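Here are some short exercises on backbone geometry and helix packing. Have a look at the model, then work through the solutions.

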Amino acid sequence: MHYFCGIDIGASAAKLVLLDENQQVVARTIHHSGVDYAQTADHCLADALSAAGVTRQQIAASLSTGYGRDNVPWVGGKITEIACHGKGAFFHFRRAITVIDIGAQDSKVIHLDNRGRRTSFKMNRKCAAGTGAFLEEIALRLNRPVAELNDLAERSTREVSLGSFCTVFAATEILAKIRAGEQVEDIVKGAFRSVVKRIVEMDTLVGDLVMTGGVAAHNRYLATLAEEAFGTHAHMPPDPQHVGAFGAALFALERHEQGE
Amino acid sequence: MSSATERRDFEATKKMKGVMGKYFMELTQGPQQGRKTAWCTSVGPAELLRALGYNVYFPENHGAMLGATRMATDLIPLANARGFSPDICSYLTSDIGSYLKGESPLQKMKMPGPPKADVLVFNTNQCRDVKDWFQFYGREWNVPCVGIHTPRAIGELDDSLIDHVAQQTEALVEPLEKAAGTKLDIDKLRETIALSKQCTDLWKTVLEAAANVPSPLTFFDGTIQMGPAVVLRGHQDAVDYYRLLLDELKQRAADGVAAVEGERFRVYWEGMPIWGKLSSLSGQFTELRTCVAASTYCNSWVFEALDPSDPFRSMARAYSSIFICRSEEFKEQYIQQMVEHFRIDGILYHDAKTCPNNSNNRYEMPERLRQKLGKPYLVVNGDLNDLRLYSEEQTRTNIEAFVEQLAEE
Ligand code: SF4
């Protein structure tokens with residue numbers, strides 16, 4: 001049996017997916033990206049191999065993606081996270097879709113037609129608005145762990161609106177809201193709403209809405225708000241955080257079959 | 001960077017360095033030789049100034065140098081602190097920062113810095129910033145600052161508009177004669193316009209060479225090769241230089257020499273260059289075997305309407321027909337023709353934060369053109385000079401993803 005590996009080294013987490021010849025996931029791993037991407041990639045791979053009981057020699061092809069895509073020495077090639085998120089998402093929803101990937105440092109809106117061909121894509125502009133980094137900053141200001149944000153937002157009964165584009169200005173707005181006696185959960189919901197607004201501004205929705213990426217995976221309430229904003233159901237593939245790595249593994253398999 | 005991704009330079013470039021060096025030397029020596037210096041905007045009435053015997057200096061060229069050497073990044077904040085917003089033209093802010101600090105890339109060429117102006121002459125065909133920029137120096141040096149106010153977003157160039165601009169140009173003669181201490185010789189003006197027209201025709205032919213597949217030159221080559229067309233139009237040296245370059249280009253095209261080895265795709269660059277990142281961008285495109293074959297920017301120094309038999313009106317027509325001061329409809333049609341002519345696969349729009357005048361993605365044009373032409377596009381957020389507004393990593397990923405998409409088409 002041959003296996004195919006996709007590794008997605010993002011700004012915050014490194015994700016790896018191992019597929020068999022039938023496109024079945026046999027292992028998936030995740031580590032903090034850290035600062036030594038090559039070493040992180042080795043850890044991801046070692047974990048995946050032992051979890052699946054596969055040897056390195058059985059891996060027929062691998063591809064890397066994400067910010068650290070140039071730093072994985074053992075892959076056969078690289079491909080952008082825009083292509084991989086599209087590929088991974090389309091695998092689960094074989095129709096025209098708009099993929100919204102909210103990452104730690106950037107967000108993407110990708111349009112795919114009903115054959116899975118990319119027709120356009122947008123990445124957020126330089127700043128942190130509309131990304132995981134924004135929520136991290138908010139968590140810091142509110143002195144709450146990032147992991148608690150989703151529960152807080154869900155508990156909100158009354159929303160506090162944050163008007164500013166800029167992460168720093170939004171943080172200042174939050175200080176003012178705290179002074180005014182607003183509830184933390186209402187402020188968090190406002191912050192979630194702000195992330196969704198920044199995404200809605202990036203591009204239009206074409207076809208069905210699919211959300212991927214670690215930030216949405218850990219903050220499912222973002223999907224609820226996205227549904228409200230777009231007025232349509234937000235689909236999530238299984239294991240949304242690994243969609244990029246999964247897409248990379250699919251590309252590896254496809255290219256191997258094409259004899260590349 | 002490996003040599004495979006390095007730009008394949010032209011032999012002629014060595015000669016160009018000499019031509020540009022001589023130009024700058026003359027600027028420096030002007031005062032000793034009793035010659036006056038006029039500052040001129042890049043698409044200002046250079047021919048008139050030359051005909052009046054001025055040495056003509058183009059501060060936007062200096063702005064580009066400040067960008068390309070990345071000195072701009074340290075100099076812009078000085079102008080910001082003085083009261084020039086970080087949101088306005090970063091040529092202006094880098095140049096004024098350079099003046100305030102007394103540092104210039106020209107010092108590496110053994111010049112003390114930009115020459116002091118005896119008169120500053122603008123044309124607002126490109127933007128208002130040039131006038132504000134020149135007025136700063138007018139105040140600093142207490143010298144006249146005069147110019148032409150060309151309407152913007154022009155659709156049809158009708159006679160009344162040409163009259164309006166031509167009259168303003170003629171009205172400049174008197175103050176310019178006064179500052180020059182000499183009378184305008186109309187034959188000299190005709191002669192200068194004739195030389196400028198020759199330069200324009202040659203420069204256009206140079207850019208036309210990129211219609212060959214594979215293309216023998218790229219937009220990145222163009223940003224270097226355009227130097228003489230910008231600063232020496234109306235001068236014999238520019239004409240001689242482009243004849244030389246053209247011979248080399250013809251040879252390249254005949255031999256099938258590609259500027260980008262194994263050219264797979266052809267991209268159009270719309271908007272300003274990102275001066276401080278040209279070489280890394282050029283390297284990335286080469287690596288992706290994608291040729292940025294044509295651009296609005298390099299074509300902005302083609303002034304086909306120049307005509308020595310009708311000096312003022314033809315200058316008015318030439319400098320009012322440039323892309324930057326035209327209507328959205330005209331621009332769309334222009335880009336469409338370029339895409340067809342140069343057999344372009346996709347369009348890259350540079351949204352330069354500090355130059356709304358030369359960023360054409362902001363009013364939905366990319367989407368309209370995509371629907372019309374069926375060609376994908378990419379918007380890169382950045383700036384001509386202010387690298388604080390540019391994310392290298394995001395741009396690299398965006399370009400890589402864009403080329404992946406071209407491969408899928
Ligand atoms: S056109 Fe843009 S870059 Fe050129 S001078 Fe005006 S604002 Fe500056």
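Two notes and three exercises follow. This is a predicted model, where local features need pLDDT of at least 70, side-chain atom pairs count only at pLDDT 80 or more, and totals for chains, interfaces and linings use all residues. Residues are numbered from 1 along each chain as its sequence is written, chains are lettered from A and ligands numbered from 1 in the order in which they are written, and side-chain values use heavy atoms, with hydrogens and water left out.

**Exercise 1.** Find which peptide bond joins B:Val213 and B:Pro214, cis or trans.

*Solution.* Start with omega, which is about -5°, a cis peptide bond. Then place B:Pro214: the loop between α9 (186–208) and α10 (219–225) of chain B holds it. Helices are DSSP runs of H or I with at least four residues, and strands are runs of E with at least two, numbered from the N terminus.

**Exercise 2.** Describe the phi of B:Asn142 and its setting.

*Solution.* Phi is near 55°, a positive value in a residue other than glycine. Most residues other than glycine have a negative phi. Next, locate B:Asn142 in the loop between α6 (129–141) and β4 (145–148) of chain B. Finally, B:Asn142 has a relative accessible area of 72%, so it is exposed (over 50%; buried is under 20% and partly exposed in between, with a 1.4 Å probe and protein chains only).

**Exercise 3.** Do the same for B:Glu364.

*Solution.* Phi of B:Glu364 is positive, near 75°. The residue sits in the loop between β7 (346–352) and α17 (365–373) of chain B. With a relative accessible area of 49%, B:Glu364 is partly exposed.
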